[in-house]
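Grab a coffee and open the viewer. Here are a few exercises to work through, each with a solution you can check as you go.

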Amino acid sequence: MKRLIIDCDPGNGIAGANVDDGLALALALAAPELSLELVTTVAGNTPSAVGYNVAQDLMARVGRTIPVVQGSTQALQEPDAPWRDALDNSVHKRQLAHLWQDVRAPQAFQPPALHAADAIGQLICANPGDITLVAIGPLTNVALALQRYPAMATAVSQIVIMGGVFALDDYIKDTNFGFDPEAAHQVLTSGANIILVPLDVTTQTLMTHTDLDLIASLGTPLAEFICETFRPWIDYSMTTRGLAGCWIHDALVIAWLLDSGVATATEFFVEVELREGRTRGKTWRYKQPLRLDVGIEVAVGKPVKVLQTVDNGRLLGLIERYLDRVQ
């Protein structure tokens with residue numbers, strides 16, 4: 001059984017907020033091969049406190065007592081106001097908030113005093129080699145944990161990250177790394193064992209209303225949670241992105257832990273641009289030795305396994321099978 005921490009920024013039930021974190025959490029809860037031992041929330045897709053309520057509400061809804069701990073409310077250095085405007089207000093500017101009118105908002109909960117970075121670092125360092133850290137939001141909590149608990153870089157079994165974008169024509173950077181470039185750089189160069197699931201591969205995923213109908217037929221609490229919160233997001237994605245459904249970025253991370261056959265992977269060195277300007281937060285990948293290395297510093301850290309292509313049918317089938325296991 002693989003022991004997990006999931007650090008996330010879930011938005012299920014929040015108008016205009018992406019819901020793939022909730023699907024990742026549901027899949028981890030449904031899989032008997034995975035032992036989800038801690039959930040932490042970070043500012044990103046939603047403010048950290050909102051994400052905390054979403055995650056805690058899910059646990060209450062399905063009767064699970066897994067600890068949920070709130071984390072960082074802002075990035076290490078990046079100003080958060082432009083990001084919060086884009087992430088929190090776009091649905092209202094587009095006049096699409098009505099899509100969520102029949103969705104129950106998550107309950108409000110009082111978070112514990114413990115900070116997510118401490119919860120992450122303490123659990124990993126107390127169990128060297130045993131914990132996989134799944135990071136599917138901005139990497140602020142993870143970077144702070146590595147700062148406070150330096151032994152964590154070697155104590156963690158692996159850090160599986162959803163973030164970065166390399167070669168999509170309509171993206172220079174993604175939200176997770178763009179929201180906190182310094183944190184992404186620190187984690188990627190920490191020397192920890194890292195698997196990266198970038199936007200290049202997650203945008204090869206797709207979940208449609210027809211796929212959701214199959215999940216709805218399962219009738220389990222987790223399936224009901226997914227269907228209720230995904231319906232408006234699929235409509236929103238179809239309207240604003242011209243898709244036939246929606247991408248399920250974060251769910252691919254958990255699915256790959258359960259079945260590495262859902263995606264191919266290749267090792268690269270990965271770095272994040274920190275300079276001011278339009279490419280701040282952009283990621284790039286390369287292999288060593290470089291054929292031309294003039295003016296290029298020696299790579300920091302070690303190679304990262306990067307997912308590259310996905311079998312979407314296999315991914316959807318896996319999600320349906322696992323959600324059907326939990327009554």
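The exercises below deal with a predicted model, starting from the whole chain and then going to single helices and residues.

**Exercise 1. Work out whether the radius of gyration of the chain agrees with that of a compact globule.**

Step 1: start with the length, which is 327 residues.
Step 2: for that many residues, a compact globule would have a radius of gyration near 20 Å.
Step 3: the chain comes in at 18 Å, so the two agree.
To go with that, the C-alpha trace spans about 55 × 45 × 40 Å along its principal axes. Buried residues account for 57% of the 327. As for contacts between residues at least 6 apart in sequence, 81% join residues at least 24 apart. The fold behind these values has 13 helices and 9 strands.

**Exercise 2. Describe the surface and the charges of the chain.**

Step 1: take the accessible surface, about 13200 Å², and note that 50% of it belongs to carbon and sulfur atoms.
Step 2: count the charged side chains, and you get 24 positive and 36 negative.
Step 3: compare where the two sets sit; their centres lie 3 Å apart.

**Exercise 3. Check the length of helix α2, then find what covers its buried residues.**

Step 1: α2 runs over residues 48-62, which is 15 residues.
Step 2: at 1.5 Å a residue the helix should span 21 Å, and its end C-alpha atoms are 21 Å apart, so the expected span holds.
Step 3: list the buried positions: S48, G51, Y52, N53, V54, A55, Q56, D57, L58 and M59.
Step 4: look for the cover, which includes α1 (20-30), β2 (34-41), β3 (68-70) and α11 (221-241).
Step 5: pick out V50, also in α2; at 27% relative accessibility it counts as partly exposed. From V50 to C8 you cross 42 residues in sequence, and their C-alpha atoms are 11 Å apart.
Step 6: go just past the end of the helix, where G63 has a positive phi of about 70 degrees.

**Exercise 4. How many residues of helix α8 are buried, and what do they pack against?**

Step 1: over residues 181-188, 6 of 8 are buried, so we can call α8 mostly covered.
Step 2: name them: P181, E182, A183, A184, V187 and L188.
Step 3: follow them to their partners. Three are helices or strands earlier in the chain's listing, α5 (140-148), β5 (158-162) and α7 (175-179); the list also has β6 (194-197), β7 (263-272) and β9 (304-310).

**Exercise 5. Is L315 buried or exposed, and which residues does it touch?**

Step 1: place L315 in helix α13 (residues 312-323).
Step 2: its relative accessible area is 0%, and since buried means under 20%, L315 is buried.
Step 3: skip neighbours within four places in sequence, and the contacts of L315 are T205, I248, A251, L252, A255, V262 and V310.
Step 4: zoom in on V262, which is 53 residues away along the chain while the C-alpha atoms are separated by 5.9 Å.

**Exercise 6. Track down two backbone oddities, at Q95 and P289.**

Step 1: Q95 isn't a glycine, yet its phi is positive, about 55 degrees.
Step 2: find Q95 in the loop between α3 (81-93) and α4 (116-126), where it is exposed with a relative accessible area of 67%.
Step 3: move on to the Q288 to P289 peptide bond, which is cis, with omega near 0 degrees. P289 belongs to the loop between β8 (283-286) and β9.

Technical notes. Residues are numbered from 1 along each chain as its sequence is written. This is a predicted model: local features need pLDDT of at least 70, side-chain atom pairs count only at pLDDT 80 or more; totals for chains, interfaces and linings use all residues. Side-chain values use heavy atoms; hydrogens and water are left out. Helices (H or I, at least four residues) and strands (E, at least two) are DSSP runs, numbered from the N terminus. The radius of gyration is taken over C-alpha atoms; the globule rule is 2.2 Å times the number of residues to the power 0.38. Buried means under 20% relative accessible area, exposed over 50%, partly exposed in between (1.4 Å probe, protein chains only). Contact means heavy atoms within 4.5 Å. Accessible areas come from the Shrake-Rupley method with a 1.4 Å probe; for residues, only the protein chains shown count as cover. Lys and Arg count as positive and Asp and Glu as negative; His and the chain ends are not counted. The place of a charge is taken as NZ of Lys, CZ of Arg, CG of Asp or CD of Glu. The expected span of a helix is 1.5 Å times one less than its number of residues.
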